[in-house]
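Me: Please take a close look at the salt bridges in this model. I would like each pair placed in its setting, with the rest of the chain as background.

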Amino acid sequence: MTINDLKIDIITAVNQLSDISVLKEIKRSISSNAFGKSNSTSVWKNADVEIREGVSFDQLLKEQGYKKITFSEFTSNSLSNDWEVSLDTLLSNSN
């Protein structure tokens, strides 16, 4: 897909919209990122989280649903799954 194909797809999708609130939101989003400049502060603003003190490591593990797994279990699980992309393809795309 080329950049022009993407632009045409976006224009087509916007032309099919009839909800004014959605259109206003799209306009606001485009205006805030005018001329392709990304608003990096909003990305970091969304990453802000409340820092809690006095939480034990065990409490965090329980809250996050941590399940202990051994290396052999991990290896067994990873080898038994069919991967959509080969390791060589992943490694070549990582550069």
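Reply: What follows takes the fold and its confidence, then each salt bridge in turn, then two further local features.

The model is predicted. Its protein chain has six helices and zero strands, and along the sequence the pattern reads α-α-α-α-α-α. The mean pLDDT of the protein chain is 81, with 84% of the residues scoring at least 70. Among the elements, α4 has the highest mean pLDDT, 93, and α3 the lowest, 64. Where pLDDT is low, predicted coordinates should not be read in detail. That caution concerns α3, whose mean is 64.

Of the 95 residues in the protein chain, buried residues make up 1%. The accessible surface of the protein chain is about 9,500 Å², and carbon and sulfur atoms account for 57% of it.

On the salt bridges themselves, the count comes to two. Side chains of opposite charge can pair when their charged atoms come close. The criterion here is a side-chain nitrogen of Lys or Arg within 4 Å of a carboxyl oxygen of Asp or Glu.

One of the two pairs is Glu25 with Arg28, where the closest N and O atoms are 2.1 Å apart. Both residues belong to helix α2, residues 20-32, and they are three residues apart, about one turn of the helix. Glu25 is partly exposed, at 40% relative accessibility. Arg28 has a relative accessibility of 52% and counts as exposed, because the cut-off for that class is over 50%.

The other pair is Arg52 with Glu63, and here the closest N and O atoms are 2.8 Å apart. Arg52 sits in the loop between α3 (40-46) and α4 (57-63), whereas Glu63 is in helix α4, so this pair ties together parts that are 11 residues apart in sequence. The side chains of Glu63 and Arg52 are also joined by a polar contact of 2.8 Å. With a relative accessible area of 44%, Arg52 is partly exposed. Glu63, at 51% relative accessibility, counts as exposed. The helix that holds Glu63 is α4, the element with the highest mean pLDDT.

Set side by side, the two pairs have different settings: Glu25 and Arg28 both lie in α2, while the Arg52 and Glu63 pair joins a loop residue to a helix residue. In the pair within α2, Glu25 is partly exposed and Arg28 is exposed. In the loop-to-helix pair, Arg52 is partly exposed and Glu63 is exposed.

Two further features lie elsewhere along the chain. Thr2 is in the segment before α1 (3-15). A polar atom of the Thr2 side chain lies 3.1 Å from the backbone nitrogen of Asp5. Thr2 itself is partly exposed, with 45% relative accessibility.

The second feature is a nonpolar surface patch of about 380 Å², made by Val85, Leu87, Leu90 and Leu91. Val85 is located in the loop between α5 (71-80) and α6 (87-93). The relative accessible area of Val85 is 38%, so this residue is partly exposed.

Terms used. Residues numbered from 1 in each chain as written. Predicted model: local features only at pLDDT ≥ 70, side-chain atom pairs only at ≥ 80, totals over all residues. Heavy atoms only, no water. Helix = DSSP H or I, 4+ residues; strand = E, 2+ residues; numbered from the N terminus. Buried < 20%, exposed > 50% of the residue type's maximum accessible area, 1.4 Å probe, protein only. Areas by Shrake-Rupley, 256 points an atom, 1.4 Å probe, with all protein chains shown as cover. Patch = residues over 30% accessible without salt bridge, like charges linked within 9 Å, V, L, I, M, F, W, Y side chains within 5 Å. Polar contact = N/O pair within 3.5 Å; in protein donor to acceptor, adjacent residues only side chain to side chain. pLDDT = per-residue confidence, 0-100.
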